[in-house]
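Work through the exercises below with the sequence and the 3D view at hand. Try each task before reading its solution.

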Amino acid sequence: MGRYIARRLLLTIPVLIGASFLIFAMVYALPGDPIRALAGDRPLSEAVQAQLRAEYNLDDPLWLQYVKYVGGLLQGDFGTDFSGRAVLDTIEQRLPVTAKLAAVAVFFEAVIGLVAGILAGIRRGSFFDNLVLVTTTLIVSIPVFVLGFVAQYLFGLRFPIFPTSGINEGLYSYLLPGLVLASLSLAYVARLTRTSLAENLRQDYVRTARAKGLKPSVVVGKHTLRNSLIPVVTYIGADVGSLMAGAIVTETIFNIPGLGRAVYDSVLRQEGAVVVGIVTLFVFFYIFFNLVVDVLYALLDPRIRYD
Amino acid sequence: MTTSDPVLEVEDLSVEFRTPKGVVRAVNEISYQVGTGETLAILGESGSGKSVSVQAVMGILDSPPGYVTGGRVLFEGRDLLTASAEEQRAVRGPGISMIFQDALSALNPVFTVGHQIAEMFRAHRGTSRKEAREAAIELLDRVHIPAARRRAGSFPHQFSGGMRQRVMIAMALALDPKVLIADEPTTALDVTVQAQIMELLQELQRDTGMGLLLITHDLGVVNEVADRVVVMYAGRVVETGTVDEVFTDPTHPYTEGLMASVPAVEAKGTRLRPIVGTPPDLARIPPGCAFHPRCPRRVLENAPPGKDCDDDVPLLLPVGAPGRASACHYREEVLHA
Amino acid sequence: MTDQRAGTERRPTEGQVTGRPPEATDRAEGWAATTLEAKAAGSEDIGEASLWSDAWRSLRKNPFFLVGAVLLTVFLLMAAFPTLFTRTDPRDCDLSRSADGPSAGAWFGYDVQGCDYYANVVHGAQVSVSIGFLAMLGTLLIGVVIGSLAGYYGGWIDSLLARLADIFYGLPLILGAFILLSVLPDRGVLEVALALVVFGWMTAMRLVRSTVVSVKEADYVQAARALGGSTGRVLTRHILPNAVAPVLVYSTIYVGTLIAAEATLTFLGIGLQLPEISWGLQINSAQNRLRDAAHLIFFPSAFLSLTVLSFILIGDALRDALDPKLR
């Protein structure tokens, strides 16, 4: 098991380097001059511009800039934004917000998605099954930002139950954006659970369990569910990483000061250091949770071999 | 032939599948009995309804699309079909137990074999976790799995095919059932392993006195282990009798065809004669005798009233020795041919 | 009794189809085996044809497919010939009626500039559908080429391409395209489509790769190769046709995903730019008017969602029809 994890860890290194270089190259190598963008309408003197360029290594070739950047990262230095604030500060301040939002979303995704999927899968063709099918199809069809507006309109304006902007009301203010962030994954989880359960219910071992004289609740709740949930649990695990990156839309609509909102603001302001720092972190989380899922999968399914 | 009271009696059992393409009669008014210590073989090719019939007996028919539409299944005199779900459940395991063709797919891949066997004791007798586990190890030992204590902690995929079927048998025998249904227990196995498994089943039957209902298409297996045989074709019983009688002197052209299509040691050098044609699609069973399109003895013209092979369904009627029956209009002729 | 034969539709797969679920079907057994095998072999060449005709039969009866097909037809027509739906010029604006609500004269009301909103929303279909199809075609092109290379040659090429896909998977579609578009000086239909291709080709590639891997060792492929078929010919004639069904299902649903992604990017202010007419732009410029002019958000959102829905409905129905296992 330990060797298996070590091997998987090694494999993630080139991916992490590749992805972070990709971000770095996009932000720094493509047309558009961050210094001029920063200056905006105010003209900066040549001297000041040159000094800024030197400070941010903008005159080095791209690969050297990247190596210097990674060298900094390894020492915990994510660089500074144009106002001189350390990017790490921004991350430390905003990570808990995004983490909380993602946690709320995963909670909704798992609880609602699983329950809906299990009930639909057990009674295929029933009214509830069709309801789940139609609802999930609709949810998947509505883009998340539209869903955000629908949620704000319904629960913020029509029936003012939830706060629709900011995080001033503690965990309560995370509920609506969390649900919106979870919506797409929630629909997938419900669908996946339904299909997986229905597929497993047709397996021979379910017939064996019935032939053993086990209670229907044990046949489904233990024998079938234990097998059906393997793909679902791994999906949810891998989704945690994606949810954090997906927060960019939700945090923007609901005005939540998390990492996604920071990326959005920094992209518009062309704050390269902040964008690269946070997005690299997103990639790291994505890879990390995929690694967790690989391990989880091996633990859940005895047929998987570690070597 | 045993004379004891039958433990399991199936009377006029009918099963149909309701599919989008129409209703399919998979099992048509079949009857048979299994006595204590007796081995009854149900012989038939795929699609003859033999597996479906025992699934109906076991109460594990996939429903929908399968439905029992008539008949009785008497276990120790009680009709299981009209019993409550709870009563039926109580019979599965301690009363009737079942093993399947493919043990790899029939065992749950994510639980250890020890756990799956112990589950029988836990579910039916409320045995403690520890005792159930000990009992499971004992059972594994009884079906001759080496290092049973260690192997109890293994998962099904870690066993060979033959060992897996032994696990299956151990699980089925956990609660000393009165009847064991074995649905093609050796089909998925190598020939040498097949023989070992059949030997094991016979050994266990001798020890426990259980009735054995063996579903198979293998004439050799039937000849070796069964006392009586029920031959099925297209959802109906076409012939029944003791193995000796049926094998030496069949009374139905289908059975005749089966005997002629397998090599027999004493008939070395003679040509095998396969049955011409293919088994019928159950959604389109031929009218009259279902076997008539393939039957070398069919009479289509100038048949006496009520004996026209493509019009009149032949009933299962006594022929020859007591206890024998055949569903052929010309059973007497076939018997004495 | 005799009526049983007549009047029953003959299906090409009959013989293997009994009423029982496939799992319950016994193996081809004993002496019956040879006849069964002969039958199966004989039906192989009609297998492909019957896959599609069976699929069509089940599609025709699927209400989800019918709804999707009607919706899709409407939106494709709207994209190609917007004047079929409205004669009003979307750029004929009058500030005095800014953000007026729906009325008999203007079904969808007026936007902030006082332009007829129905005309604007109708004309918005064009760029959405164009970007959806353009990006899908680009994705397929890359997916098929890279996927075939990786699957056919295997080895280090496969590993390298797999790692490359992993790298791009690290950046979700919206996030990657968002950053890429933010550094492009001009952003039109082509640029947005390109950004969506760059960060979205991986799944199509894996799909093609896995099909290629699964059939490249098949006997008929080996035979074609042994008979001296060139790599390109073996790939296009014998291997890739197997990928048509899964790729068709995937790309149908994916067009919907791409349309939603474009609208999201444009809404975030980093996709299409004015004076383009697009649903994303319309929702973007109305985002602060939810309280007093909800119709400005509602109508483009509804059209956008229905367009995405039509692709998903058709894709789902296709998958169910082409893969009976999942039914």
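The exercises that follow concern a predicted model.

**Exercise 1. Overall make-up of chain C**

Task: State how many helices and strands chain C has, and what share of its residues is buried.

Solution.
- Step 1. Count the elements: chain C has 13 helices and 0 strands. Its pattern along the sequence is therefore a run of α elements, α-α-α-α-α-α-α-α-α-α-α-α-α.
- Step 2. Turn to burial: of the 327 residues in chain C, 43% are buried.
- Step 3. Look at the contacts in chain C between residues at least 6 apart in sequence: 69% of them join residues at least 24 apart.

**Exercise 2. Two packed helices**

Task: Describe how α3(C) and α4(C) are oriented to each other, and name the residues of their contact.

Solution.
- Step 1. Recall what is needed: the angle between the axes and the distance between the axes describe two packed helices.
- Step 2. Read off the values: helix α3 (residues 63-80) and helix α4 (residues 117-153) of chain C pack at about 95°, and their axes are 7 Å apart.
- Step 3. Classify the angle: 65 to 115 degrees counts as roughly perpendicular, and α3(C) and α4(C) are therefore roughly perpendicular to each other.
- Step 4. List the contact: α3(C) contributes C:Phe75, C:Leu76, C:Met78 and C:Ala79, while α4(C) contributes C:Val122, C:Ala125, C:Gln126 and C:Val129.
- Step 5. Sort these residues: 7 are nonpolar, 1 is polar and none is charged.

**Exercise 3. A short stretch of chain C**

Task: Decide whether helix α12 (residues 279-286) of chain C is enclosed or open, and find what its buried residues pack against.

Solution.
- Step 1. Identify the buried residues of α12(C): C:Trp279, C:Gly280, C:Leu281, C:Gln282, C:Ile283, C:Asn284 and C:Ala286.
- Step 2. Draw the conclusion: 7 of the 8 residues are buried, so α12(C) is largely enclosed by the rest of the structure.
- Step 3. Find the neighbours: the buried residues of α12(C) pack against α4, α11 (244-267) and α13 (295-322) of chain C.

**Exercise 4. Where chain C touches chain A**

Task: Which element gives the largest share of the side of chain C that touches chain A?

Solution.
- Step 1. Set the extent: 35 residues of chain C are in contact with 38 residues of chain A.
- Step 2. List the elements of chain C that give two or more residues to this side: α5 (155-169), α6 (173-182), α11 and α13.
- Step 3. Pick the largest share: α13(C) supplies it, with 9 residues.
- Step 4. Sort the residues of this side of chain C: 24 are nonpolar, 6 polar and 5 charged.

**Exercise 5. A strand of chain B**

Task: Which strands pair with strand β9 (residues 228-233) of chain B, and in which sense, parallel or antiparallel?

Solution.
- Step 1. Check burial: 6 of the 6 residues of β9(B) are buried, so this strand is largely enclosed by the rest of the structure.
- Step 2. Separate its two faces: B:Arg228, B:Val230 and B:Met232 point one way, and B:Val229, B:Val231 and B:Tyr233 the other way.
- Step 3. Take one partner: strand β3 (residues 39-43) of chain B pairs with β9(B) in the parallel sense over 4 bridges, and B:Ala41 stands opposite B:Val229.
- Step 4. Take another partner: strand β10 (residues 236-242) of chain B runs antiparallel to β9(B), joined by 6 bridges, and B:Val231 has B:Glu239 as its bridge partner.
- Step 5. Inspect the hairpin of β9(B) and β10(B): 2 residues lie between the strands, and B:Ala234 takes a positive phi near 50°.

Note on methods. Residues numbered from 1 in each chain as written. Chains lettered and ligands numbered in written order. Predicted model: local features only at pLDDT ≥ 70, side-chain atom pairs only at ≥ 80, totals over all residues. Axes fitted to C-alpha atoms, helices over the stretch in contact; angles between N-to-C directions. Parallel < 35°, antiparallel > 145°, perpendicular 65-115°, else oblique. Contact = placed C-beta atoms within 7 Å. Nonpolar A, V, L, I, M, F, W, Y, C, P; charged D, E, K, R; others polar. Buried ≥ 20, exposed ≤ 12 C-beta atoms within 10 Å, placed from the backbone. Pairing = 2+ DSSP bridges.
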